[in-house]
Amino acid sequence: MLADGSSFDPAEPAWGDNNYLSSALVDADYQRGSTVDLENMRNRQVDEVPHGEPVRQTPENEDELLDPDTLVFTESPSEDVQGRFEEDFQAVFDRIEEETGKPVEFSKVNSYAASVEAMRSERAHIANFSTGTTAFAVNLAGAVPFAAGLTPDELFGYRLFATTRADADGIQSVNDFARDDVTVGHSEPASNSGHQAPSALFDQYFDVTAEEDYEVNFSGGHGNTTRGIAAGDYDAGPICSTCFVDTVEAQSDLSFDDFKVVWASAPFPNGPVAYRYNLKPEIQRGIERAYLESDFAGTDYQERTGYDQFVPIDYRTVFKDIMIIQRYNGVEYTESALGS
C-alpha cells in the first residue's frame, strides 16, 4: 500500500536481507513477468485513471482527422547495440503498409522527450514509447497505447532490479543505499525503473528516500548504470531488469556473476506501441491489425526487440501502477517535467 492509499504489489519473493546473484535470476527468467501478471493488470477494476488525463477519443469531426500520405514511426532511444533501425523494423513496417496502404518512414530521436514531442507535433504517427514516458505521451501528445510485446516464451514486461556488485558484502539491502560511503546511480528523471519507481518504492518499503537519504547521480541510462557499477563508479543502483540483461550480454567483459540483486519489484509493463488519437479510424484499425494479427518470429525485429507477438492492452488498467508511482512522486505531465 502506498502512502496515499493506492495499492501496489511488492515483489513476490520475501527478499528481506536475502540477495541473489543476478545469474540465478536471469536463469529463471525472473527479469520478466508472465502472461498471468499481464492478465492481472488487464483484468483489474479501474474506473478512472489515477493520475493525469485518460486516452483521448478519436474526433467525430472529419476535419480534425489525420490522413498522412506516409506514416512516420519513432522508437524511444535504445541502450543496446547500435541498430540498423530501418532494417530491424522492416517486418513491422511491411505489415503496417499491407494493412493501411501507406508506406512507413522511420524517424530517429535522441531522447525520450523527443519521441513524445514528435507525436505531439504530428511529426510522428506511430511510436514505441518507454514505460516511464507513456503517460506523458498520452497527456501531451494524444498517444493511444494499444499493444505490448511478448517474447516467444510469452514473457512480459520487466522488473526493477536494485543492483550492486557481487562482492559488495556491505550492501545487503536497499537500506544500505543510504550509507554515507555508498554512491547510487539512477538512469534519468523520466525513467520508470531507473528513477520514478525507486523514488516511490524504496521510500515505501525501506523508508529510504532518494535525494534525502542518498544523493542521486544520474548516469544517463540503464546501460551506463550497469557499467558504472561494474567499474566502481557507482556502488549500487536501480536498473531496468531487461536493460541490465541486454547490457551484460552485449559486453564480453561483464558477467552476470559480477552482480547481485538485493531487491526486485513486481513486473511493470514494457513500453507500449501507440498511435496518434486523431488518425483516421481506418488507419488506426490497420495499425492495430499489423501488430496484433502478426507473427514476427524469426525476423530481424524479433532478434532486436525480443518480441515475436503483440497483445492488446488498455492504458487505464495496465499502466495504473505507473500512474500511481508518478502521482506519488508529484510528477506533472508537462513538457518541462519530461525534459528535466
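Here a visitor asks, and a guide answers, how some labels on this predicted model were earned.

Visitor: What makes Phe89 and Tyr301 an edge-to-face pair?

Guide: Two numbers settle that. The ring centres sit 5.2 Å apart and the planes make an angle of 70°. Pairing needs centres within 6.5 Å, and edge-to-face needs planes over 60 degrees apart, so this pair gets the label.

Visitor: Which parts of the chain does that pair tie together?

Guide: Phe89 is in the loop between helix 3 (85–88) and helix 4 (90–100), while Tyr301 belongs to helix 11 (residues 300–305). The pair therefore ties together parts that are 212 residues apart in sequence.

Visitor: How do you know whether those two rings are buried or exposed?

Guide: The cut-off for buried is under 20% relative accessible area. Phe89 comes in at 1% and Tyr301 at 2%, so both count as buried.

Visitor: And why is Phe202 with Phe206 called edge-to-face?

Guide: Same recipe. Their centres are 6.5 Å apart, and the planes are at 85°. The limits are within 6.5 Å for the centres and over 60 degrees for the planes, so edge-to-face is the verdict. As for where they sit, Phe202 and Phe206 are four residues apart in helix 7 (residues 192–206), which means about one helical turn separates them.

Visitor: What makes Phe206 buried at 15%?

Guide: The line is drawn at under 20%, so 15% relative accessibility still counts as buried. Phe202 has a relative accessible area of 0%, so it is buried too.

Visitor: How many aromatic pairs does that rule give, and which residues form one cluster?

Guide: The count comes to 26 aromatic pairs. One aromatic cluster includes Phe73, Phe89, Phe93, Phe106, Phe146, Tyr291 and Tyr301.

Visitor: What makes you say Arg159 lies over the face of Tyr30?

Guide: Arg159 is at 3.7 Å from the ring centre and over the face of Tyr30. The distance cut-off for that call is within 6 Å.

Visitor: Which residues have the most contacts inside the largest nonpolar core?

Guide: That core has 53 residues, and the ones with the most contacts inside it are Phe129, Val174, Phe177, Phe202, Tyr214, Trp263 and Phe268. Helix 6 (residues 134–141) gives the most to it, namely six residues. A second core is separate: it has 25 residues, including Leu66, Phe146, Val273 and Tyr291. As a general note, nonpolar side chains tend to be buried together in soluble globular proteins.

Visitor: What does Phe129 touch?

Guide: Leaving out residues up to four places away in sequence, its contacts include Ser76, Val116, Met119, Ala137, Pro272 and Ala274.

Visitor: Why is Asp29 called partly exposed, and Asp207 exposed?

Guide: Exposed means over 50%, buried means under 20%, and partly exposed is in between. Asp29, at 33%, is therefore partly exposed. Asp207, at 60%, is exposed.

Visitor: What is the sign of phi in these two residues?

Guide: Positive. Asp29 has phi near 60°, and Asp207 has about 55° although it is not a glycine. Most residues other than glycine have a negative phi. Asp29 is in the loop between helix 1 (22–27) and strand 2 (33–34), and Asp207 is in the loop between helix 7 and strand 10 (216–218).

Visitor: What makes strand 3 mostly covered?

Guide: Five of the five residues in strand 3 (residues 71–75) are buried. Leu71, Phe73 and Glu75 point one way, Val72 and Thr74 the other way, and all are buried.

Visitor: How do you know which strands pair with strand 3?

Guide: Pairing takes at least two bridges. Strand 3 has five to strand 4 (residues 104–108), running parallel, and three to strand 5 (residues 126–128), also in the parallel sense. Val72 stands opposite Glu105 in strand 4, while Thr74 has Ala127 in strand 5 as its bridge partner.

Visitor: Is His125 buried or exposed, and where is it found?

Guide: Its relative accessible area is 7%, and the cut-off is under 20%, so His125 is buried. His125 is found in the loop between helix 5 (112–120) and strand 5. Beyond its neighbours within four places in sequence, His125 contacts Leu71 and Val72, among others.

Notes: Residues are numbered from 1 along each chain as its sequence is written. This is a predicted model: local features need pLDDT of at least 70, side-chain atom pairs count only at pLDDT 80 or more; totals for chains, interfaces and linings use all residues. Side-chain values use heavy atoms; hydrogens and water are left out. A nonpolar core is a set of buried Ala, Val, Leu, Ile, Met, Phe, Trp, Tyr and Cys residues joined through side-chain atoms within 4.5 Å. Buried means under 20% relative accessible area, exposed over 50%, partly exposed in between (1.4 Å probe, protein chains only). Helices (H or I, at least four residues) and strands (E, at least two) are DSSP runs, numbered from the N terminus. Contact means heavy atoms within 4.5 Å. Rings of Phe, Tyr and Trp (its six-membered ring) pair if their centres lie within 6.5 Å; planes under 30 degrees apart count as stacked, over 60 as edge-to-face and the rest as tilted. A charge sits over a ring if NZ of Lys or CZ of Arg is within 6 Å of the ring centre and within 35 degrees of the ring normal.
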